[in-house]
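User: I am new to this structure and would like a close look at a single part of it. Please pick one region and go through it piece by piece, in plain terms.

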Amino acid sequence: MQTFYLSYKAMQTLLMTAVLLSLIVTLFLLLMFYDMRIDKRRWHWNIFAFLFLFFLLNHLAYSFGQIDKGENYYEVLPVPIWVIWCIVSIIDFLLIWEGIRLRRITKEQVGQNSIQEAMNLLPIGICYFNSNGAVKLANTQMYRLFRVLAHRDLQKLSELRDALHTSTQNGVTRLTDKKEMYLFPDGKAWDYQENEVKDSDGNVYTEAVFMDITKQYHEKINLTKQTEKLKKISKELRYLSDNVLILTREREVLAAKTKLHDQMGAGLTAIRQSLMQESADYSDAVRLLRQAVNAIWNDNQYPLDEGEFERFLQDAKTLGVKIECLGSLPKDEEYANIYILAMRECLTNGVCHAGATELSIAMQENNDFYRIRITNNGVAPEKEVVPQGGLYNLSRHIFDYSGEMHIQSMPYFALTITFQKERESKEKE
């Protein structure tokens, strides 16, 4: 009998302990679900379970106390004890299930600590200030950058703005006045921006962000260096192109002069042969010799102190070609030089290939373009003229200055060159 009483007391203590532990777990889950704002139906179920266990624990304590005083078990507690164990076991099973669900939800749900940890992993510096300018949320990158700027911790938005305005005192350089880009002592470049954001409750916050633009900054520097290098190479190529055109022009003029010297030799030979004959007509030989001598004499009178256009006119006179010119050369020296190169090219080609004795030049200028058109009275080309030699070099030179060259072959030869004045304004900008 005493053994049965001890076993009953142990069962009673075990049941009370199980109910008390279940009550504690229910209270913990109740508080956790309420703090996480989870489904209210689940929260209501936890309230019911808590109240049920609370009243069950009190009723069991009262009943077991009465039974210990000698009261009949079924009069005080009219339910078999195994039924109570089943109820408590079911509640414990549900509590375990709710605990597992709570753990899963805790892992999936984003909390304040999770947001802070995620922000600290960002490579950018970011900070949110409330309407009073105080720090609401900031990551470690923002604190690090501010310490470099001001040598203290960040507290207010006004402190950040003041530090940016006086950043040169701490070794931070502002890269441009139009945008807030800063170069820090460690060689990294940062772009600073401010934005206003609102939360779900309508509260307004100021978002301050430092974006790492170090890669773009160094790429811009390299691009600037490459651009300067390309400009230098372009000037050298233009200089070489000018020299090629000048050499080509001198070679073709020399060929024309050589032809005149050959004509003089032919005239002298003709006179000698006429003198050896008893009856001969000297008029053709004298005319040929006089033409060659006049050409050489004009070439020897070449004025060294005159400009390129005057030299061109003298060369044309030497070659026996009449020049009809309308308009004037452009004031831009580069365009004027190209005009003269084109005139010389048309002069030599007209004399050598078409037997021209007249060259017509029309130069036009307005607010939009420069234009020159050159024709001659020589024989029209038998087929379409394809730029070669001097004409090809001239076209490359015109292309370097963003110009256009058009060659008309039929019914007569005409060379037209056009330069848009937009190039001048762009270069000045």
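Analyst:
**A sheet and its surroundings**

Serine 402 has a relative accessibility of 49% and therefore counts as partly exposed, since a residue is called exposed only over 50%. The model is a predicted one, and what follows describes the part of it around this residue. Serine 402 sits in the loop between H12 and S10. Its phi is near 60 degrees, which is a positive value in a residue other than glycine. Most residues other than glycine have a negative phi.

The two elements on either side of that loop lead to a sheet. Strand S10 covers residues 403–408 and is one of the edge strands of this sheet, the other being strand S7 (322–326); each of the two pairs on one side only. The sheet is open and has five strands, in the order S7-S8-S9-S11-S10, with mixed pairing. Strands of a sheet pair through backbone hydrogen bonds, either parallel or antiparallel. On average, neighbouring strands here are turned by 10 degrees against each other, direction ignored.

Within the sheet, strand S8 (residues 358–365) and strand S9 (residues 369–376) run antiparallel and are joined by seven bridges. In this pair, leucine 359 of S8 has asparagine 376 in S9 opposite it.

Two helices pack on the sheet. Helix H11, residues 333–354, touches S8, S9 and strand S11 (414–420), and its direction makes about 15 degrees with that of S9. Helix H12, residues 390–400, touches S10 and S11 instead, and its direction makes about 150 degrees with that of S10.

H11 can be followed from its start to just past its end. At its start, a side-chain oxygen of aspartate 332 comes to within 2.9 Å of the backbone nitrogen of glutamate 334. The length of the helix can be checked: at 1.5 Å a residue, its 22 residues should span 32 Å, and the end C-alpha atoms are 30 Å apart, which agrees. Of these 22 residues, 17 are buried, so the helix is largely enclosed by the rest of the structure. Buried here means under 20% relative accessible area. Just after H11, glycine 355 takes a positive phi of about 65 degrees.

On the far side of S10 in the sequence is another loop, which runs between S10 and S11 and contains proline 411. The peptide bond that joins methionine 410 to proline 411 is cis, with omega at about -5 degrees. Most peptide bonds are trans.

Serine 402 can be set beside histidine 151, whose phi is also near 60 degrees and is likewise positive in a residue other than glycine. Histidine 151 belongs to the loop between helix H6 (140–150) and helix H7 (157–165). With a relative accessible area of 60%, histidine 151 is exposed, whereas serine 402 is partly exposed.

H7 belongs to the surroundings of a second sheet: it lies across strand S1 (125–129), S4, strand S5 (189–198) and strand S6 (204–212), and runs at about 150 degrees to S5. That sheet is also open, but it has six strands, in the order S2-S1-S6-S5-S4-S3, and its pairing is antiparallel.

As background for the region, the protein has 13 helices and 11 strands. Buried residues make up 35% of its 429 residues.

Key:
Residues are numbered from 1 along each chain as its sequence is written. This is a predicted model: local features need pLDDT of at least 70, side-chain atom pairs count only at pLDDT 80 or more; totals for chains, interfaces and linings use all residues. Side-chain values use heavy atoms; hydrogens and water are left out. Two strands pair if DSSP finds at least two bridges between them. Helices (H or I, at least four residues) and strands (E, at least two) are DSSP runs, numbered from the N terminus. Axes are lines fitted to C-alpha atoms, for helices over the stretch in contact, and angles run from 0 to 180 degrees between N-to-C directions. Contact means heavy atoms within 4.5 Å. The expected span of a helix is 1.5 Å times one less than its number of residues. Buried means under 20% relative accessible area, exposed over 50%, partly exposed in between (1.4 Å probe, protein chains only). A polar contact is a pair of N or O atoms within 3.5 Å; within protein, one must be able to donate a hydrogen and the other to accept it, and residues adjacent in sequence count only if both atoms are side-chain atoms.
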